[in-house]
Amino acid sequence: MSEMAVGDRGRLRTVRAHGVLAVLSAICVFPIYWLYATSLRRPGDVYSLSPLPWPLSVQSYTDAARQVDVVHLLFNTLAMAGLIAVGQLLTGLLAAYAFAAWNFPLKRLLYIAFVGTWLVPFQVTMLPNYVLLMQMGLLNTIMGVVVPTLCSALGVLLLRQHLESFPRELLEASAMDGRSSWTTLWTVVVPNMRSALSALAVVLFVNAWNEYFWPAMVMQRSNAVLQLGLRSFMGTEGTDWGPLMAVSGLACLPVFALYLVLQRNIVNAFVRSGLK
Amino acid sequence: MFVEVPAPPRPMDKAIKAARPSLPRAIRRAVPPYLYLAPALILLGIWVYRPLAQTAQLSFYSWNLLPTTPMEPVGLDNYRRMMDSPELGDALWRTVEVILGLLPFSIVIPVVVGLLTRRLGGRSRAVYQALVFSPMLVAPVAGAAVWGWLLDPRGGVVNQATGTSVNWLQESGYAQIAIILITGWHVLGFAVLVVAAALSGINGDYADAAALDGASRGQITRWITLPLLSPTLVFLTLMTVLLSAQWTFPLIDSLTQGGPADSTTNVYYLLWDYGFRSYDAGMGAAAGMLLFVGFGLVAAVLVWLSERLAFHDN
C-alpha cells in the first residue's frame, strides 16, 4: 500500500466522520431551532415552512404574556430551582465529607442507603409523600416541592468521589493546627473544590429547573412554575402554537444561557454524573 | 535445661490502657461523621425509605386517599386483583417496548457514531458534542411542546415535509412510536458523549499491537474495542432499563395522557393513574412494590454482569 493511498483513506474517514456528526447534530438541533423560529413568526405565518422566520415578530411573546404571568413563573421557577440546588449541594457536601474523612461503623451500609434511592422510583413513594405534605400543609406551595428534594444521592456520590481524591495531608495538617473538622471543611476543603462544586451546582440547578413530576404532583391545581405553566397551553383542542413555542422557548432560555457560558464544565459534569 | 522464666510485664498493655480515651472523649470522637451525615440521612429517611415502607404496608389495605375514610386491611387482595387485571400486563409489555425501542438510541447509534468519529479531534469535535448534547437540556415539557408542534397532523413540519397525514399522537400504533422517538432524541446526545468518553479512555496500545499482528480494523473493533467498551455498555443498558419509563413520563402526561386507548400507558403512568385518577391507593401501592422488586432484580443482574465484564482492562 502506498503512502498516498493511506493518506486518501484517512481523509475519506475524516470526511465521513464530519458527515455523520453533521447529520446527527442537525437532527438534534432542528427541533430547538424550530421552537425559536416558530415563536418569532407573525401569527399568520406560524404554519409557514420557510426556514427563516421573516419578518420577525414578538406577537407570540406578548400573546403568551397576556395568558400567563411569565415573569412570575420565571421568578417562581428560579426560586424553586435555586433553593433545591443549594440545599442538595449543602446536604451532599456534608455527607460526602463524612464519607471521605472518617472511617466509622455502618459506613458501607449508609453508603448503600444513598445508592439504593435510585431503585426507588418517585411513583412508588408518591402517595405517602403526598399525604405527608398534605398533613404539613405544604401542598400547592413552592416549599412543598423543595423540601422533599433537598437531598440528592447524585450530589453525595459525586462529591464523595471528588473528596476522596482530596489530599489527606491537607486535612491532617489542618487538624494539627488545632482546627475543628467544621472549620477545616469551610477553610480548607471548600475553597479547593470550587470548580467541582460549581459544576455540580449547575447540574443540580438544571435538573431542578427541568423537574416535572414532583411539581406536577404538589402543585396539582396551579401553574406556579414554568414546566406546569406550559401544560396549560397544551392538551385542549386547537393549540395556539405561537404562544406555546414562546413560553417553551422562555422555559429553556436560562438553561441554554448557562450552557453557553459554562459549556465544557457542564458536559463533563453531566457525563460524570451518569444519571439524569 | 529449660528454666521457666516468668514473662516480663509487657509495657504495651499499659500503653494501650493509657491511650484508650475516656468514654465521653470516645463519643466525641465517634460522633462527628454521623452529625455530618445527619441532614442527608434524615431527609432520605423521611422522603424515600419511610414512604417505601408505607407503600409496602399500604399494598395490603384498601384506601381511597381521603383522610376521612379509614384504611381497610384486605390481605393479599390487591395483589390478586393486580394479577387478574389485564391492564398491568399490558402496561408491563409496553414498558418493555419502550425499553427495547430506546436501546438503539442509548447504545447502538452512540457506539456506531463513536467508532466512526473517534479520530476526529479538537475544535470541531467540541462543537459537534455541544450541538448533539443540547436536547438533553431542553425541559421535558418544552420538548413535548415542540414535538407536538412538529408532529401536528395539520401544520406540523413532519407531515408537511413528508406529505403524509398521520395523526402521530392520536393513532394508537403511532403514538407509542412517537413517544419513543422523542425520548430517544432527548437522551441520544448524553449517550453519545458517554460512549465517546469511554472510547477515548481506551488504551490505544492494544489496537496497535493487534494491527502489528495483522488484524483488520473490523477485527480490532470486534475483538478489542467492543469488549473493552462493555462495562460502559452495561451501564447504559442499566440506565435505559431503570430510567426509560421515567423519561417518558412528562411526554406521556403532556402529550397523550396514556392514550389513545391506553396505547402509551406504561407501568409508571399506570401507577400515577391508580393513585391520582382512580384513587385506588392499595392497588397503586401493590403495583409499585412489584415494580420496585422487579427493577431491583434487573439492576442486581446487570451490576453482577458489569462486575464480571470489568476485568478486561486493568
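Two residues are in contact here if their C-beta atoms, placed from the backbone, lie within 7 Å. This is a predicted model, so local features need pLDDT of at least 70 and side-chain atom pairs count only at pLDDT 80 or more, while totals for chains, interfaces and linings use all residues. Residues are numbered from 1 along each chain as its sequence is written, and chains are lettered from A and ligands numbered from 1 in the order in which they are written.

**View 1. Helix 6 of chain B crosses helix 10 of chain B.** Helices are DSSP runs (H or I, at least four residues), numbered from the N terminus. Helix 6 covers residues 140–150, and helix 10 covers 217–256. Their axes come within 9 Å and cross at roughly 45 degrees; axes are lines fitted to C-alpha atoms over the stretch in contact, with angles running from 0 to 180 degrees between N-to-C directions. That makes helix 6 of chain B oblique to helix 10 of chain B. Oblique is what remains once angles under 35 degrees count as roughly parallel, over 145 as roughly antiparallel and 65 to 115 as roughly perpendicular. The crossing of these two helices is right-handed (the near helix is turned clockwise from the far one by less than a right angle; anticlockwise would be left-handed). Look for B:Pro140, B:Val141, B:Ala144 and B:Gly148 in helix 6, which meet B:Pro250, B:Leu251, B:Ser254 and B:Leu255 in helix 10. The residues of this contact divide into 6 nonpolar, 2 polar and no charged. Here Ala, Val, Leu, Ile, Met, Phe, Trp, Tyr, Cys and Pro count as nonpolar, Asp, Glu, Lys and Arg as charged, and the others, Gly among them, as polar.

**View 2. Two residues with positive phi sit in the loop between helix 10 and helix 11 of chain B.** B:Ala261 has a phi of about 50 degrees, and B:Asp262 has one of about 60 degrees; B:Ala261 is not a glycine, and neither is B:Asp262. With 10 C-beta neighbours inside 10 Å, B:Ala261 counts as exposed. B:Asp262, with 17, counts as partly exposed. (Buried takes 20 or more other C-beta atoms within 10 Å, exposed 12 or fewer, and partly exposed lies in between.)

**View 3. Helix 3 of chain A meets helix 2 of chain B.** Now we go across the two chains. The axes of helix 3 (residues 70–101) of chain A and helix 2 (residues 23–58) of chain B come within 8 Å and cross at roughly 135 degrees. The two helices are therefore oblique to each other, and their crossing is left-handed. Among the residues that meet are A:Leu94 and A:Tyr97 from helix 3 of chain A, and B:Tyr36 and B:Leu43 from helix 2 of chain B. By class, this contact has 10 nonpolar, 2 polar and no charged residues.

**View 4. Chain A touches chain B.** In the whole contact, 67 residues of chain A go with 73 residues of chain B. The largest share of chain A's side, 15 residues, comes from helix 1 of chain A. That side of chain A has 50 nonpolar, 14 polar and 3 charged residues.

**View 5. A cis peptide bond joins A:Trp54 and A:Pro55.** Its omega is about -5 degrees. You'll find A:Pro55 in the loop between helix 1 and helix 2 (59–67) of chain A.
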